[in-house]
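Subject: The structure we talked about

Hi there,

Here is the structure I promised to pass on. Please open it next to this message, and then read on for what turned up.

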Amino acid sequence: MKRKIISTVLAAIAMSTLFIVTVNGYFPSYFDLKTGQYKDTYLATNKMSAETGTVTGTWKYFSGQNEKWPSSKHDVHFISRYKEGSSSTYKKDVSVQIARGSHCPRTTTSTKTNTEWKLELNTNLLYFNCDAYGFIWYNM
């Protein structure tokens with residue numbers, strides 16, 4: 001009986017640890033949220049694109065979620081963008097296409113000199129009816 005209790009407790013601890021590691025891989029950590037070193041955005045079903053505010057640094061992580069059908073009816077592109085020099089436009093850096101009902105895994109941008117970054121969620125500007133959210137974070 002004592003062995004069964006111990007094995008159940010160990011299994012619960014292992015599952016909890018796995019859950020924490022998995023969630024931390026997809027989303028900003030508690031530290032990033034507490035220090036405000038992240039920006040997020042939500043792509044509503046009546047929009048074709050959405051973007052976060054800017055964060056400054058040499059590189060960032062981004063991730064998010066494209067919701068399941070029927071809430072989201074199309075793939076969504078998660079695109080990191082950076083500002084180069086004194087330009088007012090943002091250039092495309094890394095793009096990941098995420099199917100409906102799927103997570104965008106934690107993805108690393110390329111490394112640049114210290115610059116402004118933002119994350120764009122879009123549907124190739126072809127579709128409405130997508131429900132997705134994304135984050136860009138890590139102050140590096």
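One term before we start: two residues are in contact when heavy atoms of theirs lie within 4.5 Å. Please also keep in mind that this is a predicted model.

With that term in hand, try Ser-80, which sits in strand β5. Leaving out neighbours within four places in sequence, Ser-80 is in contact with Phe-62, Lys-91, Lys-92, Asp-93, Val-94, Thr-109, Trp-117, Lys-118 and Leu-119. Is Ser-80 buried or exposed? Its relative accessibility is 0%, so Ser-80 counts as buried.

**The overall layout**

The protein has 2 helices and 9 strands. Reading from the N terminus, the order is α-α-β-β-β-β-β-β-β-β-β. Of the 140 residues, 34% are buried. The accessible surface is about 8500 Å², and carbon and sulfur atoms account for 57% of that. If you take the contacts between residues at least 6 apart in sequence, 75% of them join residues at least 24 apart.

**The nonpolar core**

In soluble globular proteins, nonpolar side chains tend to be buried together. Here the largest nonpolar core has 16 residues, and the ones with the most contacts inside it are Leu-43, Phe-62, Val-76, Phe-78 and Leu-121. Which strands should you look at to find it? At least two residues of this core come from each of β5 (76-83), β6 (90-98), β8 (115-122) and β9 (132-137).

Val-76 is a good place to zoom in. Not counting residues up to four places away in sequence, Val-76 touches Leu-43, Asn-66, Val-96, Gln-97, Ile-98, Leu-121, Asn-122, Thr-123, Cys-130 and Ala-132.

**Rings that pair up**

How many aromatic pairs does the structure hold? There are 5. One of the pairs is Tyr-38 with Phe-135: the ring centres are 6.4 Å apart and the planes meet at 45°, so this pair is tilted. Tyr-38 belongs to strand β1 (residues 38-43) and Phe-135 to strand β9, so the pair ties together parts that are 97 residues apart in sequence. The two partners also fall on either side of a cut-off, because buried means under 20% relative accessible area. Tyr-38 has 24% and is therefore partly exposed, while Phe-135 has 15% and therefore counts as buried. Together with Tyr-133, these two residues form one aromatic cluster.

Trp-59 and Tyr-61 make another aromatic pair, this one edge-to-face, with 5.1 Å from centre to centre and 80° between the planes. Both Trp-59 and Tyr-61 are buried.

**Charges over rings**

Tyr-61 comes up again here: Arg-106 lies over its face, 4.5 Å from the ring centre. In a second example, the charged end of Lys-118 sits over the ring of Tyr-90, at 4.0 Å from the centre of that ring. You have met Lys-118 already, as one of the residues in contact with Ser-80.

**Cysteines**

A disulfide is a covalent bond between the sulfur atoms of two cysteines. How many disulfides does this structure hold? The count is 0. Cys-104 is buried, with a relative accessible area of 0%, and Cys-130 is buried with 0% too. Cys-130 is also among the residues that Val-76 touches.

**A few spots in the loops**

Three loop positions deserve a look on screen.

- Pro-70 is found in the loop between β4 (61-66) and β5. A cis peptide bond links Trp-69 to Pro-70, with omega at about 10°.
- Asn-129 lies in the loop between β8 and β9. Asn-129 is not a glycine, yet its phi is positive, at about 65°. Its relative accessible area is 37%, so Asn-129 is partly exposed.
- Gln-37 is in the loop between α2 (30-35) and β1. At a relative accessible area of 29%, Gln-37 is partly exposed. What separates the C-alpha atoms of Gln-37 and Thr-56 in space? The distance is 9.0 Å, for two residues that are 19 residues apart along the chain.

If you would like a starting point, go to Val-76 and look for its partners, including Leu-43 and Leu-121. After that, turn to Tyr-38 and Phe-135 and look at how their rings are tilted.

Happy exploring, and write back with any questions!

Best wishes

Terms used. Residues are numbered from 1 along each chain as its sequence is written. This is a predicted model: local features need pLDDT of at least 70, side-chain atom pairs count only at pLDDT 80 or more; totals for chains, interfaces and linings use all residues. Side-chain values use heavy atoms; hydrogens and water are left out. A nonpolar core is a set of buried Ala, Val, Leu, Ile, Met, Phe, Trp, Tyr and Cys residues joined through side-chain atoms within 4.5 Å. Buried means under 20% relative accessible area, exposed over 50%, partly exposed in between (1.4 Å probe, protein chains only). Helices (H or I, at least four residues) and strands (E, at least two) are DSSP runs, numbered from the N terminus. Rings of Phe, Tyr and Trp (its six-membered ring) pair if their centres lie within 6.5 Å; planes under 30 degrees apart count as stacked, over 60 as edge-to-face and the rest as tilted. A charge sits over a ring if NZ of Lys or CZ of Arg is within 6 Å of the ring centre and within 35 degrees of the ring normal. A disulfide is a pair of cysteine sulfur atoms within 2.5 Å. Accessible areas come from the Shrake-Rupley method with a 1.4 Å probe; for residues, only the protein chains shown count as cover.
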